[in-house]
Amino acid sequence: MTAGKKTTAAKKQKQSDAPELRLVKEAKIQDLIGDGAGSRLEASGVLYRDGVFLVVCDNLTSFIRVGSELSPKAPENGVLQPKGVGTGARARGGAKGKKALEVAGYEDLAHDPAQDRYYALTESVPVKAGFRARVHEYDGRMRVRGSALLDFALTDANKGMEGLEWVDRGGVGHLLALCEGNRCAGGKEGQRPGGGRIQVFRRGAGRWEHAGTVRLPRSLPFEDYSSVSVRDGRIAVLSQASSALWVGRLSTKKWAVDRGTVYRLPTGGKGRTAYGNAEGVSWVSSDHVVVVSDRAKKGAANDRYRAKDQSIHLFLIPSGD
């Protein structure tokens, strides 16, 4: 066995020894909202705010609202269609003759409480040289307020930015964008653990300017990264491929984190992965997080994930972190 393979195997063993998150409650999203958003719910991001979960999907332009009790009778449940957003022909004919913002779906969602602005992430779009992620801005009434690229080169159309969070530093707002692949790369390089990266941006002229990089711990055994959330100085990063959550602390003075702790999502029989499509995470309280799961891919290998797919899950973080 080569040194690289030994390192990867050791990291996987370390992750298998990690404590498990404790499931509090979960539900299929369609069971909560009915057919208002269709039957294909490729949940990719979630944001907790004021007792409500806002869910975005990478195949929908609408936002899904779910009461935090995860009850189908909750009055908050429903579907919101942002004003001024369309796809295809609809995007070419906005209100009052204006061109609507063309969006296919979103990877994650962030909120600026000071200005009451929502930011929705598109993983990558083609530009003159390579690809860039795009962020769409909405006000508190879900009206389009703008759209701008993140000033960071991406080499792979399918391995771009997966997570988004808003952080205020000294009165200056920043967007934190989580790269899906290790070292922000695609292919085998992106799957090699130890290179988790969060790129930091602040508002510039017509774009979001790159302002720094948060390097996740090299000891982190994740094969990919799907979502990020920050609350009271604590940062949570979710991995779909590794079915795990890392929790650490974000420095208040520089863009850096501590070693943190890895938690496995609950496993099934014989310790097999049960949550194989976890895509979005958001802090709910100091010891609870909410996670949403994407639609399971076709094929027998993914059959065991279907019980948890297209769902929303509330987890308790074991004491000791």
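## Around Asp-139

Setting aside residues up to four places away in sequence, Asp-139 touches Asp-116, Arg-117, Tyr-118 and Arg-145. Please keep in mind as you look around that this is a predicted model. Asp-139 belongs to strand β10, which covers residues 131–139. Its relative accessibility is 4%, under the 20% cut-off, so Asp-139 counts as buried.

Two polar contacts help to place the side chain of Asp-139. One is with a side chain: Asp-139 and Arg-145 are joined by a polar contact of 3.1 Å. Arg-145 is also one of the residues that Asp-139 touches. The other goes to the backbone, where the side chain of Asp-139 reaches the nitrogen of Arg-141 at 2.9 Å.

## Ser-226, a buried loop residue

Let us move on to a loop. Ser-226 sits between β15 (207–215) and β16 (227–231), in the loop that links them. Is Ser-226 buried or exposed? With a relative accessibility of 1%, Ser-226 counts as buried.

Which residues are in contact with Ser-226, once neighbours within four places in sequence are left aside? They are Glu-162, Gly-163, Leu-178, Leu-238, Ser-239, Gln-240, Ala-278 and Glu-279. Ala-278 appears again in a polar contact, as the side chain of Ser-226 reaches the backbone oxygen of Ala-278 at 3.4 Å. There is also a C-alpha distance to look at in this part of the chain: Ser-226 and Gly-280 are 54 residues apart along the chain, yet their C-alpha atoms are separated by 6.5 Å.

## Strand β14 and its partners

Strand β14 (residues 197–203) is mostly covered, with five of its seven residues buried. It pairs with β13 (residues 172–179) in the antiparallel sense, over four bridges. If you would like a point of reference for this pairing, Leu-176 stands opposite Val-200 in β14.

Strand β14 also pairs with β15, again in the antiparallel sense, and here there are seven bridges. On this side, Phe-201 stands opposite His-210 in β15. How many residues lie between β14 and β15 in the hairpin they form? There are three, and Gly-206 in the turn has a positive phi of about 75°.

## The disulfide and other cysteines

The structure holds one disulfide, and Cys-179 and Cys-184 are the residues it joins, with an S to S distance of 2.1 Å. A disulfide is a covalent bond between the sulfur atoms of two cysteines. The torsion about the S-S bond of Cys-179 and Cys-184 is about 80°, which means that the disulfide is right-handed.

Both Cys-179 and Cys-184 are buried. Cys-179 links this topic to the previous one, since strand β13 spans residues 172–179. Elsewhere in the chain, Cys-57 counts as buried because its relative accessibility is 1%.

## Where to take care

How confident is the predictor, and where does the confidence drop? The protein chain has an average pLDDT of 90, and 89% of the residues score at least 70. Over residues 1–11, however, the pLDDT is below 50, and this stretch has eight contacts in the model beyond near neighbours in sequence. A further stretch, residues 88–98, has a pLDDT that stays under 50. For residues 88–98 the model has ten contacts beyond four places in sequence.

Technical notes. Residues numbered from 1 in each chain as written. Heavy atoms only, no water. Helix = DSSP H or I, 4+ residues; strand = E, 2+ residues; numbered from the N terminus. Buried < 20%, exposed > 50% of the residue type's maximum accessible area, 1.4 Å probe, protein only. Polar contact = N/O pair within 3.5 Å; in protein donor to acceptor, adjacent residues only side chain to side chain. Contact = heavy atoms within 4.5 Å. Disulfide = S-S within 2.5 Å. pLDDT = per-residue confidence, 0-100. Pairing = 2+ DSSP bridges.
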